[in-house]
Amino acid sequence: MNQHDAQEISTNAPPVVRSFREKQDGYRWDAVSLLAYKPAGTHFKGITRQVLFGEAEDLACQLRYFEIEPGGHSTLERHEHVHAVMIVQGRGRVFIGEAVHAVAPFDLVYVPPLTWHQFRASDQDLLGFLCLVPCDRDRPVRPTAAEADTLRTHPTFGNFIRL
Ligand code: MN
C-alpha cells in the first residue's frame with residue numbers, strides 16, 4: 001500500500017479515480033459494489049444496480065448504473081422524483097406514460113414525475129443505462145390491482161408491460 005492509498009482509506013472518502021472494467025458479466029468499476037436492484041420481488045427480472053456517485057461524494061444526486069440481462073425488465077412504477085437516464089450499452093425498449101420507445105446507446109430518457117415507467121432489455125441483448133436521481137426522494141409506488149387491470153388491457157402498451 002502506498003501513501004496515497006493509505007490517505008484515501010483513512011479519510012473514508014471515495015478514491016478520486018475508479019477504473020472502468022468491462023467484464024464478461026457486465027460493466028463494473030473498481031471499488032463499486034454490484035447490488036441487488038431491489039431487496040426482493042417478482043415484479044422485476046434480471047437487473048443489477050451499482051451506485052457510482054452520491055452521498056459519499058457529498059452530492060445531492062445519485063448516479064446509478066443499471067444493467068438488465070436479455071429478456072429482463074425493471075419494475076413498473078411511478079414516483080414524484082424524476083429520472084434522467086442515458087443508455088450506455090445494448091438495446092431495449094422503455095415504457096413511459098402512454099408510449100413505448102426503442103432505445104440504444106447514448107439516447108437520453110427523461111421520466112417525468114408521477115409517470116408510469118418500465119425499462120426492458122431486448123430478448124437478444126442486454127440493456128445498460130446510467131440513471132440520475134435526487135438523494136432525497138420518495139419511494140416508488142407500484143400499480144394497485146385496479147390500475148394494473150387498466151394498464152394491462154391498454155391497446156397500445158398493454159402487451160409490452162410486465163407487472
Ligand atoms: Mn423509477
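Arg18 lies over the face of Phe53, at 5.2 Å from the ring centre. This is a predicted model, and that pairing of a charge with a ring has a counterpart elsewhere in it. The charged end of Arg120 sits over the ring of Phe160, 4.7 Å from its centre.

Now turn to the metal. A manganese ion is held by four residues: Glu77 through OE, and His79, His83 and His117 through NE2. The coordination distances run from 2.0 to 2.3 Å. Along the chain, the donors follow the spacing E-x1-H-x3-H-x33-H.

Take Glu77 among these donors. Glu77 lies in the loop between β5 and β6. Its relative accessibility is 6%, and buried means under 20%, so Glu77 counts as buried. His83 is buried too, because its relative accessible area is 6%, again under the 20% cut-off. Glu77 also has a polar partner: a contact of 2.5 Å joins its side chain to that of Lys38. Leave out residues up to four places away in sequence, and Glu77 touches Tyr37, Lys38, His83, Thr115, Trp116, His117, Pro140 and Val141. Two names in that list, His83 and His117, also coordinate the manganese ion.

Next comes the nonpolar interior. In soluble globular proteins, nonpolar side chains tend to be buried together. Here the largest nonpolar core has 18 residues. Ile68, Val85, Ile87, Val109, Phe119, Leu127 and Phe129 have the most contacts inside this core. Two or more residues each come from β5 (61–73), β6 (83–90), β7 (92–96), β9 (108–111), β10 (117–121) and β11 (127–134). The largest share is that of β11, with four residues.

Ile68 shows what such a position looks like. Beyond four places in sequence, Ile68 touches Lys45, Gly46, Ile47, His73, Ser74, Phe119, Ala121, Leu126, Leu127 and Phe129. Among these, Phe119, Leu127 and Phe129 are also on the list of residues with the most contacts inside the core. There is a second, separate core as well. This one has seven residues, including Trp116, Leu151, Phe157 and Ile161. Trp116 has already appeared, as a contact of Glu77.

The aromatic rings add another layer. The count comes to nine aromatic pairs. One of them is Trp29 with Tyr65, edge-to-face, at 5.3 Å centre to centre and with 70° between the planes. This pair links distant parts of the chain: Trp29 is in strand β2 (residues 26–29), Tyr65 is in strand β5, and their positions lie 36 residues apart in numbering. Trp29 has a relative accessible area of 17%, so it is buried. Tyr65 has a value of 1%, so it is buried as well.

Tyr37 and Phe66 form another edge-to-face pair, at 5.9 Å centre to centre and with 80° between the planes. Again the link is between distant parts of the chain. Tyr37 sits in the loop between β3 (35–36) and β4 (45–53), while Phe66 is in strand β5, and the two are 29 residues apart. Both Tyr37 and Phe66 are buried. Ring pairs extend the picture into a cluster of Tyr37, Phe44, Phe66, Phe119 and Phe129. Tyr37 ties this cluster back to the metal site, since Tyr37 is among the residues that Glu77 touches. Phe119 and Phe129 tie the cluster to the 18-residue core.

Two arginines round out the tour. Arg28 is in strand β2. Arg28 counts as buried because its relative accessibility is 15%, under the 20% limit. A polar contact of 3.2 Å joins the side chains of Arg28 and Gln50. Neighbours within four places aside, Arg28 is in contact with Ser19, Phe20, Arg21, Lys23, Ser33, Leu34 and Gln50.

Arg152 is in helix α2 (residues 145–152). At 43% relative accessibility, Arg152 falls between the 20% and 50% cut-offs, so it counts as partly exposed. Its side chain makes a polar contact of 2.8 Å with that of Asp149. Outside its sequence neighbours within four places, Arg152 is in contact with Gly158, Ile161 and Leu163. Ile161 belongs to the second core. The C-alpha atoms of Arg152 and Arg162 are separated by 8.3 Å, with the two residues 10 apart along the chain.

Definitions and conventions: Residues are numbered from 1 along each chain as its sequence is written. Side-chain values use heavy atoms; hydrogens and water are left out. Donors are N, O and S atoms within 2.8 Å of the metal (3.2 Å for Na, K and Ca); water is not among the atoms, so sites may look incomplete. Buried means under 20% relative accessible area, exposed over 50%, partly exposed in between (1.4 Å probe, protein chains only). A nonpolar core is a set of buried Ala, Val, Leu, Ile, Met, Phe, Trp, Tyr and Cys residues joined through side-chain atoms within 4.5 Å. Contact means heavy atoms within 4.5 Å. A polar contact is a pair of N or O atoms within 3.5 Å; within protein, one must be able to donate a hydrogen and the other to accept it, and residues adjacent in sequence count only if both atoms are side-chain atoms. Rings of Phe, Tyr and Trp (its six-membered ring) pair if their centres lie within 6.5 Å; planes under 30 degrees apart count as stacked, over 60 as edge-to-face and the rest as tilted. A charge sits over a ring if NZ of Lys or CZ of Arg is within 6 Å of the ring centre and within 35 degrees of the ring normal.
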